[in-house]
4 protein chains.
Amino acid sequence: MMGIINGKMFIDRLNRLENEIWLDGEKIEGHISEHPAFKGLLETKRSLYDLQTKPGLKDQMTYSLPGKKERAGLSYLQPKTKEDLKRRRKMFEHWARHTHGMMGRSPDYMNTVLMSFASSAAILKDRDHCFPEHVQALYERAVAQDLSFTHTFITPQVNRSQMGVNVSPAPISAKVIEKNEKGLVIHGARLLATQGGLTDEVLVVSLPKMYFESDEAFAFSIPSNTKGVKFICRESFVLGKSSFDYPLSSRYEEMDSIVVFDNVLVPWERVFYYDNYDAAFDFNMKSSFNAFAFHQVITRQIVKTEFLLGLAQTIVDTIDVSEYQHIHAKMAEIITGLETMKALLEKSENDAETDEWGYMRPSVIPLRIVSAIFPDIYPRFTEIIQLIGASGMVTLPTEKAFHSDIRGDLDQYLQAAELNAEDRVKVFRLAWDLTMSPFGTRQTQYERYFFGDPVRLTSHLYSTYPKEEQAAVIKEFLHIHK
Amino acid sequence: MMGIINGKMFIDRLNRLENEIWLDGEKIEGHISEHPAFKGLLETKRSLYDLQTKPGLKDQMTYSLPGKKERAGLSYLQPKTKEDLKRRRKMFEHWARHTHGMMGRSPDYMNTVLMSFASSAAILKDRDHCFPEHVQALYERAVAQDLSFTHTFITPQVNRSQMGVNVSPAPISAKVIEKNEKGLVIHGARLLATQGGLTDEVLVVSLPKMYFESDEAFAFSIPSNTKGVKFICRESFVLGKSSFDYPLSSRYEEMDSIVVFDNVLVPWERVFYYDNYDAAFDFNMKSSFNAFAFHQVITRQIVKTEFLLGLAQTIVDTIDVSEYQHIHAKMAEIITGLETMKALLEKSENDAETDEWGYMRPSVIPLRIVSAIFPDIYPRFTEIIQLIGASGMVTLPTEKAFHSDIRGDLDQYLQAAELNAEDRVKVFRLAWDLTMSPFGTRQTQYERYFFGDPVRLTSHLYSTYPKEEQAAVIKEFLHIHK
Amino acid sequence: MMGIINGKMFIDRLNRLENEIWLDGEKIEGHISEHPAFKGLLETKRSLYDLQTKPGLKDQMTYSLPGKKERAGLSYLQPKTKEDLKRRRKMFEHWARHTHGMMGRSPDYMNTVLMSFASSAAILKDRDHCFPEHVQALYERAVAQDLSFTHTFITPQVNRSQMGVNVSPAPISAKVIEKNEKGLVIHGARLLATQGGLTDEVLVVSLPKMYFESDEAFAFSIPSNTKGVKFICRESFVLGKSSFDYPLSSRYEEMDSIVVFDNVLVPWERVFYYDNYDAAFDFNMKSSFNAFAFHQVITRQIVKTEFLLGLAQTIVDTIDVSEYQHIHAKMAEIITGLETMKALLEKSENDAETDEWGYMRPSVIPLRIVSAIFPDIYPRFTEIIQLIGASGMVTLPTEKAFHSDIRGDLDQYLQAAELNAEDRVKVFRLAWDLTMSPFGTRQTQYERYFFGDPVRLTSHLYSTYPKEEQAAVIKEFLHIHK
Amino acid sequence: MMGIINGKMFIDRLNRLENEIWLDGEKIEGHISEHPAFKGLLETKRSLYDLQTKPGLKDQMTYSLPGKKERAGLSYLQPKTKEDLKRRRKMFEHWARHTHGMMGRSPDYMNTVLMSFASSAAILKDRDHCFPEHVQALYERAVAQDLSFTHTFITPQVNRSQMGVNVSPAPISAKVIEKNEKGLVIHGARLLATQGGLTDEVLVVSLPKMYFESDEAFAFSIPSNTKGVKFICRESFVLGKSSFDYPLSSRYEEMDSIVVFDNVLVPWERVFYYDNYDAAFDFNMKSSFNAFAFHQVITRQIVKTEFLLGLAQTIVDTIDVSEYQHIHAKMAEIITGLETMKALLEKSENDAETDEWGYMRPSVIPLRIVSAIFPDIYPRFTEIIQLIGASGMVTLPTEKAFHSDIRGDLDQYLQAAELNAEDRVKVFRLAWDLTMSPFGTRQTQYERYFFGDPVRLTSHLYSTYPKEEQAAVIKEFLHIHK
């Protein structure tokens with residue numbers, strides 16, 4: 001038992017793992033924390049973990065484990081009161097503010113996922129091929145060692161047709177290909193492990209879907225350096241290390257990866273469930289996973305939206321366009337989105353109720369509303385920033401240009417109403433990195449699909465929303481008896 | 001002192017007033033409560049006032065006046081705690097549910113306006129041409145006698161150009177044309193008094209605007225039957241008295257009118273202020289009028305939105321279209337609007353603060369957000385109902401057809417998946433009356449402009465929203481020091 | 001053989017038919033042309049037919065029948081050249097301008113449908129249960145007598161679920177219930193015969209749909225007064241006969257009706273086809289019906305859009321709001337819609353090609369684009385008129401008010417920047433009748449669904465559009481060989 | 001006189017100029033055609049010029065100069081007939097197809113600008129400080145030598161407030177600071193010269209704006225290597241030279257630059273006009289510049305839209321999502337945009353009229369409609385591609401990964417319904433480069449602002465559109481006489 005870690009401990013432990021990571025056709029060798037594609041992000045993660053031990057913040061970021069002298073990250077706290085919920089939300093805000101909401105997989109996210117799993121593990125009790133005690137054990141180990149995780153929920157996008165049948169004889173989507181005394185043997189791939197290879201463990205959970213086959217209905221967590229596990233990265237979006245040129249991507253570029261399982265043995269004590277479609281369905285739909293995960297995610301998205309609002313306003317000030325009605329309308333869109341999200345988050349806390357296992361679960365409807373609108377409004381907000389910035393978004397010199405013989409020209413010709421040329425370029429480069437760089441456009445796509453396919457989210461919102469009472473009012477009004 | 005009235009008292013008092021009301025070129029003679037254009041509405045108002053004395057509801061609808069045995073309508077209560085605010089909101093909900101949110105000028109609305117004026121009258125203290133004591137006196141008289149009001153805030157739409165100058169030598173917009181020892185003499189017209197002539201008094205308040213002239217900066221309240229006051233009605237939208245054919249307009253058609261002041265003497269004790277532009281501005285912008293009025297209005301709009309959701313869902317069930325994704329998307333729009341409004345209203349109560357005069361004022365930002373979105377989403381929701389109803393919205397027979405020889409044909413050919421022909425037609429006629437009848441389209445236009453010109457509302461939201469903190473975060477992040 | 005008729009001939013013939021029409025629970029007795037619900041419309045139709053014999057217009061409205069001395073309506077002309085097409089379009093414009101595009105079922109529409117049927121009748125040749133010669137015969141009779149028609153394409157909206165099964169033992173949707181030596185016996189109902197009962201004949205054609213049963217696959221035309229045919233009207237939207245108060249509905253209110261077939265015998269010589277699903281499908285999908293009908297409809301919709309633009313501009317001038325950027329944006333939307341439609345219509349003529357039977361068929365893609373956008377933009381344009389008119393749309397006095405003692409007040413207080421009070425009220429009443437009256441909202445719904453369910457139209461546009469060439473460019477660019 | 005050049009001649013001449021270009025703080029030395037940031041683009045330009053001499057194409061790309069044996073680029077042809085216009089358009093299509101519409105400044109664009117200037121030079125005749133003969137001389141020189149140009153129309157974005165006053169004592173926006181016997185002396189900067197430094201000459205024209213000062217009202221063209229002219233580039237968006245990884249940016253990345261005029265002497269014979277506000281206004285508003293330039297631009301944008309449609313369809317096929325209604329709706333949006341643009345372009349040609357100087361000028365209204373919608377629909381189309389591509393847009397390995405030990409994994413796990421893994425990744429990398437790379441997002445911003453500020457474009461469309469006739473119809477209909 002050691003409790004919370006600090007940044008150095010995180011980095012050292014990660015470097016020791018020597019996970020198998022492939023980038024641009026090469027296997028990463030040496031300390032991952034020193035690789036140009038990961039260095040900036042890992043620096044940021046180091047500083048995030050350091051928040052846990054920072055004097056003024058420690059109490060807000062951690063809690064005492066009952067009966068122990070160690071403290072644990074507050075994101076592991078299983079909330080039993082509305083106060084606990086609000087405490088959790090404030091802790092999320094600290095994590096999120098430190099990265100301005102740009103890091104989708106800050107540690108509190110995955111810790112919250114783990115916490116929700118442990119809090120709902122009882123769903124698996126007494127069911128075939130289910131091991132709720134393994135969920136609990138993982139949770140306890142994670143708390144004790146402040147482990148970091150990535151997860152992969154989705155399968156390769158071979159064919160999205162409902163009737164689509166995979167023709168490949170070998171597995172594409174990761175499957176159980178063997179069960180033996182030691183555990184399950186998994187072969188195939190899973191998609192979109194953000195920060196894959198940059199965490200201690202990898203959590204694999206199947207989201208039920210139509211035409212789900214039982215050999216895909218499993219969940220487990222294993223160390224990232226388990227034999228046969230490979231992380232294949234997309235191209236890095238770190239374009240350079242200058243924080244002047246790339247204020248966001250130099251710091252917050254989380255990598256996304258494909259996780260390949262090459263005949264990977266998952267020991268039994270790591271398995272949560274397998275070969276049980278109903279259990280997989282219930283674990284996803286009835287657990288507190290959605291409620292708790294959304295609570296974290298939306299807190300982060302609010303912080304991010306505040307950052308966008310601040311940036312948009314800074315551009316308005318910089319080029320002095322605050323007199324135009326169409327600018328007001330665009331700014332009001334961001335304000336409306338932000339305040340709406342804040343109100344809905346708060347309502348989810350106010351309407352929280354204790355679930356059947358004694359945990360205080362945020363009301364999921366207000367959170368689901370946010371999950372249905374954010375995929376639309378976030379891209380729109382980035383577009384608004386481009387529309388306000390207009391032609392100023394394009395002709396942006398680099399840091400090196402400001403340190404060259406043409407600095408005088410830049411100073412004169414790029415000055416703004418409210419800022420000198422260098423500061424003005426800083427502002428616009430930030431706007432560019434947020435909305436037009438590979439980092440920025442990936443952020444947009446990421447927020448768009450964070451909660452899954454928006455079309456299905458909308459159908460789900462409709463079908464789960466209680467409408468009967470409202471319809472009954474109509475029938476009563478019209479004296480329809482049925 | 002008599003305190004709350006019931007429906008009969010309201011009707012009798014109104015009939016006695018014999019206000020001068022013109023409709024379709026004729027002056028209304030006889031009891032207004034029996035006129036076909038007003039009968040349905042006044043029946044509804046009667047039943048609304050009866051809510052105040054209804055046994056189970058009385059406690060929720062009224063409060064004890066300190067030191068008196070009479071009770072007053074709760075909408076007159078000056079809230080001092082958040083509990084008071086929530087109590088007020090529940091009372092609004094009772095009024096609104098009784099009319100499904102279709103009556104914009106239910107008594108609680110104007111009572112709330114009066115209450116906000118009294119609660120902010122101190123703004124007028126010690127200023128030229130200002131009489132805060134008259135505001136207080138009106139409030140007390142209103143409470144004591146449970147008076148009903150209409151108001152007129154806007155001026156004739158002669159010319160909306162900013163530079164537009166009225167060329168008429170005689171006043172168009174109502175103006176002070178004389179001051180004498182008895183009071184002010186007012187001449188000219190004011191617009192859009194909803195339920196004008198159907199209330200005890202008419203409250204006239206000038207909203208400051210650009211190029212505001214000081215002879216337009218006044219506020220007062222006078223009895224509706226004051227000599228020289230005329231109410232000129234638009235065409236009535238009561239198309240018939242059948243509640244089968246016109247379930248809404250037969251009951252809820254509030255009239256709108258132009259109020260003409262023909263050399264009307266307003267006694268000094270009725271004047272709140274005159275000839276003081278700054279006072280008029282402050283009274284509108286700094287008083288609690290917006291906060292309290294929005295609190296009532298939005299509560300009503302939420303109830304109305306619930307009704308729309310119920311109706312939309314009833315149509316979905318009736319013709320069995322719940323399987324279509326585009327139907328889900330449309331229904332999800334209504335759900336999202338409804339939940340957003342509810343969350344924002346709740347936030348305005350949670351964030352309420354005591355104002356400088358000791359009253360618990362709802363936070364105005366969340367309410368202003370709703371005021372900026374409802375003018376867009378309400379019309380969209382009516383469109384969604386039309387889109388779901390599709391061709392079924394058009395070919396709708398009348399009640400009389402169901403009582404004729406072709407009933408058998410109607411029963412057979414208009415039956416629906418879930419309902420018999422008569423009930424199905426009821427549902428669609430309701431949808432028609434809500435969205436396509438003159439009553440329905442007037443409701444749409446009314447909600448669109450309830451809070452004023454949406455373009456200006458948006459600009460106002462932007463300019464009053466606190467954005468500095470967010471912009472400061474950006475400058476700190478970029479190390480811009482200014 | 002008599003050729004074109006004039007207005008009086010149309011009215012006289014119609015009155016003689018004594019069709020069975022039910023309105024508001026009563027069977028219409030006496031001359032239909034004198035009934036208040038139909039009088040205005042039939043007056044308008046009379047004046048439309050008179051255009052055919054009007055000296056200056058006759059050449060543009062009619063053509064010489066080869067080898068005969070009579071002339072026929074130009075809408076019956078089977079076009080063989082692009083010149084013919086343009087000539088037809090100009091003739092459509094004359095009809096449409098006379099009613100400002102407000103009459104969906106002006107005679108040229110149905111004549112065009114008949115012409116397209118005759119021009120494609122060869123599709124039915126040598127197929128089971130098909131009688132192309134009856135189609136031709138009807139066409140010739142229609143030309144010779146200048147017959148008028150209504151049609152019914154759709155079936156009762158009992159259940160729109162794809163899997164929905166009618167549970168009624170008796171037919172709801174009109175079906176063939178017997179075949180005998182005289183003809184088919186039809187029982188059941190069809191929907192939405194606009195001007196049902198107000199024409200010489202009723203044309204019944206089945207649009208193929210999913211789960212189409214063969215006893216619904218028929219087409220025929222019979223006189224409106226055939227025994228057993230009943231027209232059940234919706235409520236009339238004629239609110240009054242004053243053209244000041246109701247400038248559009250007093251003149252252009254086409255009625256919609258349910259057509260009931262009560263064991264109606266359709267003589268064999270009237271039957272086009274029956275009990276042949278494939279023929280029904282081909283007749284709808286491969287005939288020139290869409291191309292020619294869209295050509296007429298879109299010409300009318302363009303004229304209507306011009307009228308809306310003119311009205312919107314008149315309001316802008318009336319209240320002098322031309323300086324506002326948001327007004328420009330709204331007006332530009334209408335302009336863009338109008339010019340887009342004009343360009344697409346023109347392109348459909350320029351790209352016209354001779355079909356397999358020798359007729360010059362307009363290119364259907366540009367027309368289909370219009371059919372996909374007009375259901376969205378027409379409602380938006382009516383909304384724009386409401387948004388520009390704002391509060392001015394509501395408080396509108398009637399003609400009688402202008403002829404009463406309060407005329408002086410109206411003249412003073414309703415005057416506008418550019419117009420006197422009476423003219424200003426005329427303008428706004430027109431705007432109201434176009435967008436907010438029962439007539440106006442029915443027009444909106446009518447245009448929205450004219451071409452069918454917009455969701456399916458969109459899918460149809462996508463699936464029929466040739467995209468292969470564009471996709472091939474991509475593969476070539478990427479050197480993908482497949 | 002030499003007439004058309006080929007690619008090699010273009011490159012050689014450009015290398016010889018040794019323009020002063022600054023990139024990332026360094027002055028470009030050596031052959032510009034070999035610099036990594038420009039090499040790909042210049043290769044593409046070389047191949048474009050080679051189209052002019054390509055056997056099968058020569059006739060379509062060039063024309064015989066009257067009385068000379070040399071040929072000139074067809075984009076220089078001053079059209080006198082509609083046939084000339086169509087010939088020009090087909091030539092534009094050749095240029096555009098070669099680069100799939102990705103090169104905004106293909107040579108035909110600037111040639112067209114020059115041609116329009118020459119065709120309208122008569123506007124400047126007999127006006128103060130105007131030299132129409134210099135315009136003509138430039139045109140003839142350009143034709144004779146097949147010169148290439150960039151232009152700069154806009155001024156630095158210091159302050160966009162209407163009332164904004166520059167506080168800098170030294171010029172920011174380029175100004176005439178001296179007139180002497182040799183010419184004008186210009187000092188200051190101009191913005192957004194796309195391909196600045198990569199052309200023979202730089203054309204400087206002032207677009208009139210509010211608060212335009214007369215020392216900014218000038219126009220001229222000078223060689224790019226004129227003493228004192230500097231091009232300051234933005235960051236290069238060439239991320240690598242692999243056409244697998246960056247299929248578009250490796251080939252089509254046009255640079256944008258700030259042009260600095262450091263006391264630059266513009267010889268009199270190069271000056272078109274100066275110090276004449278009215279002439280500047282007329283030259284921009286009444287010349288054929290808009291009509292001819294839009295004709296070229298929109299032809300290119302149509303080709304680009306076809307490319308987007310092809311790509312979107314390829315993605316639909318690749319992951320087999322063609323069954324979904326929301327996919328149809330998205331694809332139908334692109335189809336509608338494309339067909340609308342094509343119809344409007346064609347209408348501009350059909351409605352072309354001979355202008356006062358004898359040239360066949362395309363009708364500008366249909367083109368202006370496109371210019372008002374393309375800034376909205378192009379970004380939407382890129383969003384649609386992202387929405388169809390979904391999560392597949394993110395996890396994309398590089399070319400090198402396909403040539404490494406993990407190729408087997410990629411082949412298995414990235415295969416698609418219709419394509420093998422490598423081809424699928426090609427398709428998605430193209431989608432990424434078009435919509436999410438720095439190149440792609442710059443393209444989006446470029447198209448958004450190509451025609452100027454969209455808000456002003458809309459106001460301009462409204463104010464220049466002829467609406468009187470439509471408004472007159474309304475007055476006639478309502479019998480309003482004014």
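Start the tour at helices α11(B) and α16(B), which run roughly antiparallel to each other, because an angle over 145 degrees counts as roughly antiparallel and their axes cross at roughly 150°. Keep in mind from this first stop onward that what you have open is a predicted model.

**First stop: two helices of chain B**

Select residues 364-389 of chain B for helix α11 and residues 454-464 of chain B for helix α16, and you will see two helices whose axes come within 10 Å. If you turn the view to follow the crossing, α11(B) passes α16(B) in a left-handed manner. To see which residues meet here, select Arg368(B), Ser371(B), Ala372(B) and Pro375(B) in α11(B), and then add Pro454(B), Leu457(B), Thr458(B) and Leu461(B) in α16(B). Colouring the residues of this contact by class will show five nonpolar, two polar and one charged.

**Second stop: Arg380(B)**

Stay with helix α11 of chain B and select Arg380(B), which lies in that helix. Is Arg380(B) buried, partly exposed or exposed? Arg380(B) is partly exposed, because 16 other C-beta atoms lie within 10 Å, whereas 20 or more would be needed for a residue to count as buried. Now select Arg270(B) as well and draw a distance between the two C-alpha atoms: Arg380(B) and Arg270(B) are 110 residues apart along the chain, and their C-alpha atoms are separated by 42 Å.

**Third stop: Thr194(A)**

Move to chain A and select strand β7, residues 183-194, in which Thr194(A) is found. Thr194(A) counts as buried because it has 20 C-beta neighbours inside 10 Å. Which residues does Thr194(A) touch, leaving aside its neighbours within four places in sequence? The contacts of Thr194(A) are Gly104(A), Arg105(A), Thr150(A), Glu254(A) and Asp256(A). Thr194(A) also appears in an unreviewed UniProt entry, which lists it under "binding site" together with residues including Gln157(A), Asn159(A), Arg160(A), Asp453(A) and Arg456(A).

**Last stop: where chain D touches chain A**

Finally, show chains D and A together, and look at the contact, which takes 61 residues from chain D and 61 residues from chain A. On the side of chain D that touches chain A, the elements that give two or more residues include β7 (183-194), β11 (256-267) and α11 (364-389) of chain D. The largest share of this side comes from α15(D), with five residues. If you colour the side of chain D that touches chain A by class, you will find 29 nonpolar, 20 polar and 12 charged residues.

Conventions:
Residues are numbered from 1 along each chain as its sequence is written. Chains are lettered from A and ligands numbered from 1 in the order in which they are written. This is a predicted model: local features need pLDDT of at least 70, side-chain atom pairs count only at pLDDT 80 or more; totals for chains, interfaces and linings use all residues. UniProt positions are given in the numbering used here, feature names are shortened, and annotations may be inferred rather than shown by experiment. Helices (H or I, at least four residues) and strands (E, at least two) are DSSP runs, numbered from the N terminus. A residue is buried if 20 or more other C-beta atoms lie within 10 Å of its own, exposed if 12 or fewer, and partly exposed in between; C-beta atoms are placed from the backbone. Two residues are in contact if their C-beta atoms, placed from the backbone, lie within 7 Å. Axes are lines fitted to C-alpha atoms, for helices over the stretch in contact, and angles run from 0 to 180 degrees between N-to-C directions. Angles under 35 degrees count as roughly parallel, over 145 as roughly antiparallel, 65 to 115 as roughly perpendicular and the rest as oblique. A crossing is left-handed if the near helix is turned anticlockwise from the far one by less than a right angle, and right-handed if clockwise. Ala, Val, Leu, Ile, Met, Phe, Trp, Tyr, Cys and Pro count as nonpolar, Asp, Glu, Lys and Arg as charged, and the others, Gly among them, as polar.
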